[in-house]
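Visitor: I am new to this structure, and I would like a close look at one part before I try to take in the rest. Could you start with a single pairing of strands and then show me what surrounds that part?

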Amino acid sequence: MGSKLIMKPSLYLLAFAFILLSCLKEKTITKETVVGVIPYEGISAKKVQDLKNAIEEYYGVSVQILPRQDLPQSAFITIKSPRYRADSLIKIQQRAIPKGVDYILGLTDKDISVTKRNSDGSVKMPLWRYNDFGIMGLAYCPGNSCVVSGFRLKHKSKDIYFGRFKKVVIHELGHNFGLPHCSDKKCVMTDAVESIKTVDNANPALCASCKKKIQ
């Protein structure tokens, strides 16, 4: 959901970065909808359980915690710093969705990135910044696979940190369910425009308009 190219200068210039592919149709989400969660190496079991509870409470879906996995080396890159390509992780997850699972969500504390592009497919400029752009989460819209990282959500307050994590998870799953970015700055589906302040300002919930689209 959020991203920043270089971590060290500041944790306050984070942003949401997404590859949104044809948000043409929202999906109806019911209690029979199953979201499978992949805990990647290093993320705590408690954090995964708390996020599972948050998804079930908010979307009213069934969430299954899948077996813990190592992050695939095929997604690992060192263009600017050691990190994992979020688009590669999404595709790898898609190829191995278990039977009975409708959507797959990967959770990690490792850094993830994408190439950020313009609407015509060209890489945004400056190239050094956007060719490998660090993000908080990524989802296809609509789709069935997304990934969220806590690497760029850190805060000295555990409550703020977890609140950010929960918002990004709700946001990314919202994209998978077919929701595009929302113009309501308080809606969790708002575009953060590369600022962590936007994330903190948003509510951990869909606005009435977005909620109606998937009910």
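Visitor: How many bridges join strand β6 to β7, and in which sense do the two run, parallel or antiparallel?

Guide: This is a predicted model, in which local features need pLDDT of at least 70 and side-chain atom pairs count only at pLDDT 80 or more, while totals for chains, interfaces and linings use all residues. Residues are numbered from 1 along each chain as its sequence is written, and side-chain values use heavy atoms, with hydrogens and water left out.

Strand β6, residues 112–114, is joined to β7 by 3 bridges, and the two run antiparallel; two strands pair if DSSP finds at least two bridges between them. One of these links can be followed residue by residue, since I112 has I135 in β7 as its bridge partner. The pair belongs to an open sheet of 4 strands in the order β3-β4-β6-β7, with mixed pairing. At its edges stand β3 (76–77) and β7 (133–135), each with a single partner strand, so one side of each is left without a neighbour in the sheet. The names come from DSSP runs numbered from the N terminus, helices being H or I over at least four residues and strands E over at least two, and by this count the chain holds 6 helices and 9 strands.

Within the edge strand β3 lies F76, which is partly exposed at a relative accessible area of 33%; buried means under 20%, exposed over 50% and partly exposed in between, with a 1.4 Å probe and protein chains only. Leaving aside residues up to four places away in sequence, F76 touches P82, R83 and Y84, where contact means heavy atoms within 4.5 Å. From F76 to L89 the separation is 13 residues in sequence and 9.5 Å in space, C-alpha to C-alpha.

L89 leads to helix α2, whose buried residues are A86, D87, L89, I90 and Q93. Seen down the axis of α2, these fall within an arc of 160°, so they line one face of the helix; the arc is that of the directions from the helix axis to the C-beta atoms. Helix α2 (residues 86–94) lies across β1, β5, β8 and β9 (145–149), running at about 135° to β9, with axes fitted to C-alpha atoms, for helices over the stretch in contact, and angles from 0 to 180 degrees between N-to-C directions.

Those four strands bring us to the other open sheet, where 5 strands follow the order β2-β1-β5-β9-β8 with mixed pairing. Here β2 (62–65) and β8 (137–139) stand at the edges, each with a single partner strand, so one side of each lacks a neighbour in the sheet. The twist averages 20° from one strand to the next. Helix α1 (residues 45–59) also packs on this sheet, touching β1, β2 and β5 (103–108), and its direction makes about 165° with that of β2.

Two loops beside the strands deserve a last look. In the loop between β6 and α3 (127–130) lies P126, and the peptide bond that reaches P126 from M125 is cis, with omega near 5°. The loop between β8 and β9 holds P142, where the bond from C141 is likewise cis, with omega near -10°.
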